Amino acid sequence: MAWRGCVMKWAKTEFTTSKNVTSRSSRLNPYNQQRCGFRRDAKRPDTKKDNVTQETNTSRSKAGTPGCPPPPIVPRPTLFKPLMFTVGFTGCSFGAAAILQYETLKSRVQTVKDEEESEKLLKGSHDMAYWHNWWNQLTDFQRQLILLMSMVDDFWSSLTEGQRTVTGIIAVNAVVLCCWRIPSLQRSMMKYFMSNPASKTRYIPMVLSSFSHYSIIHMMANMYVLWTFSSGIVSLLGREQFLAVYLSAGVISTMGSYMYKTATGRFYPTLGASGAVMAVLAAVCAKVPEAKLGIILVPMVTFTAGNALKALVAIDTAGLILGWGLFDHAAHLGGALFGVWYVAYGHKLIWKKRDPLVKMWHDMRSPGAGGSRPGGGPGISGDGGGGPRPQ
């Protein structure tokens, strides 16, 4: 949501080019000037050559004066439909997360049962000599491939659940970054992966722009912060709830940007995951304000998470008031406020009240099951295995 330097540079270049083309066409075609309100001078019957030259120069000087009517004022767009889209998308995100958590728990229970049965079947079926002979029959390429897969599996297992979760988000952002480099996709990328309240396409970009970066430095900065706080936020909320918060934060931060642009009349496109990342950062800092943080380039400087959040909010507030143009400070503030609100109140108001939806989904998936849930319990607890607990 934040990076618009390259976008403004592109817009300025296009505006300069169109202005030069318009000025050339105005000089070459005098009839265009008449459409804008100029009239030809009446011909005089008796004129000398010097007078004709003087009148021609005068008419040319008049023709160079900008006399076309000013461009039409763009009316301020209404934000009722984007607001309804934000509310609907947020509700659908948390509903889908609740169903995903149910299906994940059910799958884990089934996986444990299958593993127990497979261990019973394989126990004692083959000895070490069998596997030794099998390994010797493999080619060198097959052995290297198996070793490589084993190394990748060990690396993946060493990651935390939060890091494994955000790996998919980082991969999607990398793919979108590569798509920006394809010339044939530029029109579609600007239409669907850049958010602007004055655009005809306003709803889909509210989601897709949160995965869009034009600059590799911008993407690396956002993804580094997301990777750093991924373990904390997933251990705090759980994987499914984190995904719902991240997607909702992207749309809500874009809605905050829409409101600021509409109020100030500054309609410029923005893109980036900064709003969603700010929500993650703010949620962790608000829940664990005494945690120690540092800067990667200056490791000796440390500060608490609460002070870091206050400093970031103060900087974005100052940028919003003073009109700093490099970042979309309204999106930053929208994401940060949503993150703080969710860990304080939103978890109790939204996530803990998902049981009716999960029960309805369970009845649809398992008719006649008598209301039992995966795992043999009466239902999924309100905290959902990883949600924030009251102190």
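## A helix pair and the pocket beside M278, L281 and L312

Start by selecting residues 274-287, helix α12, together with residues 305-322, helix α13: their axes come within 8 Å and cross at roughly 140°. Helices whose axes cross at over 145° would count as roughly antiparallel, so this pair, at roughly 140°, is classed as oblique. The crossing is left-handed. Keep in mind as you look around that this is a predicted model.

Next, show the side chains where the two helices touch. On α12, pick M278, L281, A282, C285 and A286. On α13, pick A305, G306, L309, L312 and D316. Colour them by class and you should find eight nonpolar, one polar and one charged residues in this contact.

Now keep M278, L281 and L312 on screen and add A221 and V225. What do these five share? Of the 29 residues lining the second largest pocket, they are the closest to its centre. The pocket itself holds about 980 Å³ of space.

To see what surrounds that space, bring in the other elements: α10 (216-237), β1 (292-294) and α14 (329-349) join α12 and α13 in each supplying at least two lining residues. Which element gives the largest share of the lining? Select α10, which provides eight residues.

For a last view, colour the whole lining of the second largest pocket by class. How many of its residues are nonpolar, polar and charged? The lining has 21 nonpolar, seven polar and one charged residues.

Terms used: Residues numbered from 1 in each chain as written. Predicted model: local features only at pLDDT ≥ 70, side-chain atom pairs only at ≥ 80, totals over all residues. Heavy atoms only, no water. Axes fitted to C-alpha atoms, helices over the stretch in contact; angles between N-to-C directions. Helix = DSSP H or I, 4+ residues; strand = E, 2+ residues; numbered from the N terminus. Parallel < 35°, antiparallel > 145°, perpendicular 65-115°, else oblique. Left-handed = near helix turned anticlockwise from the far one by under 90°. Contact = heavy atoms within 4.5 Å. Nonpolar A, V, L, I, M, F, W, Y, C, P; charged D, E, K, R; others polar. 1 Å grid on protein atoms, 1.4 Å probe; cavity = no way out; pocket = protein on both sides within 12 Å on 5 of 7 lines; lining within 4 Å. Points joined across faces, edges and corners; volume = space filled by probe spheres on them.
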